[in-house]
Amino acid sequence: MWGEYEPSRTLFFWFPGSVRVEISSARREEFPKPGKPIYHWATIQEDLRRRDFTANAMAISLNEGSFGLLLDPLNGMADLETRHLRLVSPYGFIEDPSRLLRATRLKSRLSWELDERTQTRYENAKNENMIDSIPAHLKGYELEEIGHEEDGLRALKALEAEGWMKHIFPSWTSSKVDVHGLENLQENYYQLIMQGVHPDLSAGQMELLTAKMQPKDIASLKKTFVRPGFVEQWNHLEAGAKEFAKILTGKEANTPSAAWKLFASYQPESVLWLAHTGKGAAIQGKFKNFFTVWPEAKQKIPLALMLEMRITPELERYDELLNELFFHLMDGKLQTDEEMRAFLEPYSPPAPPPPVTIRRSRKKAAEPKIKTEKITDDEIDDEHPHGHDLDLDSDDLDDADDEDSDGERLKPAKSVSAAAAKSTATAKVQPAQAKPAAPPKQPEKPVKAVKKEASKPAAKAAPVKAVPAKKTAAKATHAAPAKKAVPPKKATKKPAPKPSKKAPAKKTVKPAAKAAAKPAKSVKSAAKKKR
């Protein structure tokens, strides 16, 4: 903590890296006289309405139910967009004259402008010399803020141009500033920022802004500051730089990596001031290497090799590995790819197992089932376009049934019954009580058998038609019970192809069948007479 101001319950904190924080209680202010506030503790809404400018009258809610909600009761966001400074209260410059100094400082820092009404009130307060009513606490606060500006010289010149420095501290002018030293300090400041070192510029800048002032004036200036911690930091600049110079030129920093670690871990303000004031080839050489030479080792980090060895940012110690690799490269310990690979090997994770591809096994081929040969109507039509000529008369089939009952079987019937068994897929099985349906078309194999018998004399071919069709169909169903008989599909009519060489034999089949049927009738009548 750098300091506090009890009347307004304000605490001043400083954190490494130029982070300054002010914490104060929410309050409401009354001004019975200019520059003489009376504080009343209030809510955040009332605190926002007592601020200086609308751009500073915004807040972020920290409550659980509205965390992150922007509180902007005076529309300060619009003034941020238009880059204007607008007073919250019409009497802002009269009640608190320090706002005249703050308006000038913010204008020089941000390059903003006062809005029309605020500019008019500014001029009125300036002409009435309201600056003389500024309290001592706020005067020292504004003087200290000059040193905390990023460009303190510009802020000092702006206050001097408005005539405010004559009222708050006449002995401090822009002519007392070491301009060349200030430029060198800012150059070193940005160099350190680039290498990851973040010093607070305020103390060193204040030393150069008051470089040509008398010691007694500097002492009186320090007494006006509201942050005693800042004064102590300012006073410790020279001693801190000397201590750091002693360590930097000693054995603790004899290697580039050790010197780098020292630069990165030591108090940044002392490092900055030594970079500005340090003399001697050893110190200047170390700073030159730190700014320009040693950072080149970062370009030599083998990122491609690390990726090849599966060393990625997802590893737990990746940042630590990069630092160690950087330091080894800086010290010249890793020169070749083999050395780098050997150094990275302990950090390389094991290779992942090959991906497992699950292949579905093919289904085992089903065991061959004995199926009856199916001959479709289309195949019959293709081979025998005139197959309708092979139909037998129903009378002939009835006679064949009677002969079968007498036990008379002929040898050609075996081939006919075997052929009929294969044609069960196209034959329709009728119940026993039902009347016999129209005889189905004969399959391919029985036709061939008939063709062979037809080529012989009529007397020998007569027994061929004595085979009962119904019985053969019944036997076929017993021979192949594996599948249920399916009713034959209606044959689609197709254009008849050209007749083959066997076409004349088809024509002789039907007359032979009829001729063979006549002796069957005589045999039937003879059997009846015997009974």
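Me: Accessible areas here come from the Shrake-Rupley method with a 1.4 Å probe. What is the accessible surface of the chain, and what share of it belongs to carbon and sulfur atoms?
Reply: The model is predicted, and the figures are computed from it. The accessible surface of the chain comes to about 32600 Å². The share belonging to carbon and sulfur atoms is 55%.

Me: How many helices and strands are in the chain?
Reply: The chain has 531 residues, and buried residues make up 40% of them. Its helices number 27, and its strands number nine.

Me: What percentage of the contacts with a separation of 6 or more comes from residues 24 or more positions apart?
Reply: One pair gives a picture of distance in sequence and in space: Lys 33 and Glu 95 are 62 residues apart in sequence, with their C-alpha atoms 7.2 Å apart. For contacts in the chain with a separation of 6 or more, the part from residues 24 or more positions apart is 69%.

Me: Is Lys 33 buried or exposed?
Reply: Lys 33 is placed in strand β4, which covers residues 27–33. Its relative accessible area is 57%. The cut-off for exposed is over 50%, so Lys 33 counts as exposed.

Me: Which helix gives the most to the largest nonpolar core?
Reply: In soluble globular proteins, nonpolar side chains tend to be buried together. The largest nonpolar core in this chain has 88 residues, and Leu 143, Trp 172, Phe 244, Phe 287 and Leu 344 have the most contacts inside it. Seven residues of this core come from the helix that gives the most, α18 (residues 318–330).

Me: Which residues does Phe 287 touch, not counting those up to four places away in sequence?
Reply: Phe 287 is among the residues with the most contacts inside the largest nonpolar core. Leaving out residues up to four places away in sequence, Phe 287 touches Phe 244, Leu 248, Phe 263, Val 271, Leu 274 and Ala 275.

Me: What is the accessible area of the nonpolar patch that Leu 70 helps form?
Reply: Leu 70 is in strand β7 (residues 70–71) and is partly exposed, at a relative accessible area of 40%. On the surface, Leu 70 forms a nonpolar patch with Ile 60, Leu 62, Phe 67, Met 77 and Leu 80. Together these residues have an accessible area of about 600 Å².

Me: Asp 79 and Arg 86 meet in a salt bridge. Is Asp 79 buried or exposed?
Reply: The N to O distance in this salt bridge is 2.8 Å. Arg 86 is partly exposed, with a relative accessible area of 26%. Asp 79 has a relative accessible area of 8%. Buried means under 20%, so Asp 79 is buried.

Me: How many residues apart in sequence are the parts tied together by Glu 145 and Arg 227?
Reply: Glu 145 and Arg 227 form a salt bridge, with the closest N and O atoms 3.1 Å apart. Glu 145 lies in helix α6 (residues 136–148), whereas Arg 227 lies in the loop between α11 (215–224) and α12 (228–235). Both are buried, with Glu 145 at 9% relative accessible area and Arg 227 at 4%. The pair therefore ties together parts whose separation in sequence is 82 residues.

Me: Which helices hold Glu 308 and Arg 341?
Reply: The side chains of Glu 308 and Arg 341 meet in a salt bridge of 3.7 Å, N to O. Glu 308 is exposed at 52% relative accessibility, while Arg 341 is partly exposed at 37%. The pair ties together parts 33 residues apart in sequence, because Glu 308 lies in α17 and Arg 341 in α19.

Key:
Residues are numbered from 1 along each chain as its sequence is written. This is a predicted model: local features need pLDDT of at least 70, side-chain atom pairs count only at pLDDT 80 or more; totals for chains, interfaces and linings use all residues. Side-chain values use heavy atoms; hydrogens and water are left out. Helices (H or I, at least four residues) and strands (E, at least two) are DSSP runs, numbered from the N terminus. Buried means under 20% relative accessible area, exposed over 50%, partly exposed in between (1.4 Å probe, protein chains only). Contact means heavy atoms within 4.5 Å. Patches are made of residues with over 30% relative accessible area and no salt bridge: like charges are joined within 9 Å, nonpolar side chains (Val, Leu, Ile, Met, Phe, Trp, Tyr) within 5 Å. A salt bridge is a side-chain nitrogen of Lys or Arg within 4 Å of a carboxyl oxygen of Asp or Glu. A nonpolar core is a set of buried Ala, Val, Leu, Ile, Met, Phe, Trp, Tyr and Cys residues joined through side-chain atoms within 4.5 Å.
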